[in-house]
Amino acid sequence: MKTIQFVNPLFILVLILISCNDEEELEPSFDYIKFTVEGNSYIFRNEYDPLWNTYFRDANQDQLGLIMQDEKEEALVQLFLTDSDFLNKDLPIIVDQESYALNEGFAEMSLISLITPTEVTFGENDSINYVNHSLDDFIFIIDSYEHSVLRGKFYGVLKTKTGKRKEISSGNFKITLKIKES
């Protein structure tokens, strides 16, 4: 006579949890810009100004401006994209040196301190605010735009005017985008 053995449901749950990939992160429900610098992860989730996180479009303008600040209000991250016309293109689009040469977009990222004053932000003696663009070792990617939510990635090197460098990796964002057309 055969006996039927039942598997403990807790054992099955443990097997499922073990088989899940630990490295896959769930996307936060809030808008954010996040990235890694030198092994440290940063997330900017507070809207800096309600005028930003907007795509400005008209006959003379095509500019995406994403700006978020950290929870302690100590730093600000800015991502700008111009001349991409991304709403009329198949996604994803990559903005780098090649896209600029083809007149298909220009991207810039800046990381600005809100607590340490400088004489002139991005001036020749500024050693605390970092910036770079898609013509110089910075890549910006728009992955999707669905239901007013823009998602994408970025990576590269940010620099101060005094020569300090920060390697940005694993950069990504999710922003509920406003569109302003004239």
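**Close-up 1. Tyr32, a buried residue in strand S1**. In this predicted model, Tyr32 has a relative accessible area of just 4%. That counts as buried, because the cut-off is under 20%. Tyr32 sits in S1, the strand that covers residues 32-37. Look for Ile43 as well: Tyr32 and Ile43 are 11 residues apart in sequence, and their C-alpha atoms are 6.6 Å apart in space.

**Close-up 2. The second largest pocket, with a volume of about 230 Å³**. Its lining takes in 14 residues, and the ones closest to the pocket centre are Glu74, Ala75, Leu111, Ile112 and Ser113. Which strands each supply at least two residues of this lining? They are S2, residues 40-44, and S8, residues 106-113. As for chemistry, the lining splits into 9 nonpolar residues, 2 polar ones and 3 charged ones.

**Close-up 3. A nonpolar surface patch built from Tyr48, Leu114 and Ile115**. Together these residues make a patch of about 290 Å². To find Leu114, follow the chain into the loop between S8 and S9, the latter being the strand at 130-133.

**Close-up 4. Leu114 on its own, in the loop between S8 and S9**. Is Leu114 buried or partly exposed? Leu114 is partly exposed, with a relative accessible area of 35%. Patch residues need over 30% relative accessible area, so Leu114, at 35%, clears that bar. Leu114 shares the nonpolar patch with Tyr48 and Ile115.

Definitions and conventions: Residues numbered from 1 in each chain as written. Predicted model: local features only at pLDDT ≥ 70, side-chain atom pairs only at ≥ 80, totals over all residues. Heavy atoms only, no water. 1 Å grid on protein atoms, 1.4 Å probe; cavity = no way out; pocket = protein on both sides within 12 Å on 5 of 7 lines; lining within 4 Å. Points joined across faces, edges and corners; volume = space filled by probe spheres on them. Helix = DSSP H or I, 4+ residues; strand = E, 2+ residues; numbered from the N terminus. Nonpolar A, V, L, I, M, F, W, Y, C, P; charged D, E, K, R; others polar. Patch = residues over 30% accessible without salt bridge, like charges linked within 9 Å, V, L, I, M, F, W, Y side chains within 5 Å. Areas by Shrake-Rupley, 256 points an atom, 1.4 Å probe, with all protein chains shown as cover. Salt bridge = Lys/Arg side-chain N within 4 Å of Asp/Glu carboxyl O. Buried < 20%, exposed > 50% of the residue type's maximum accessible area, 1.4 Å probe, protein only.
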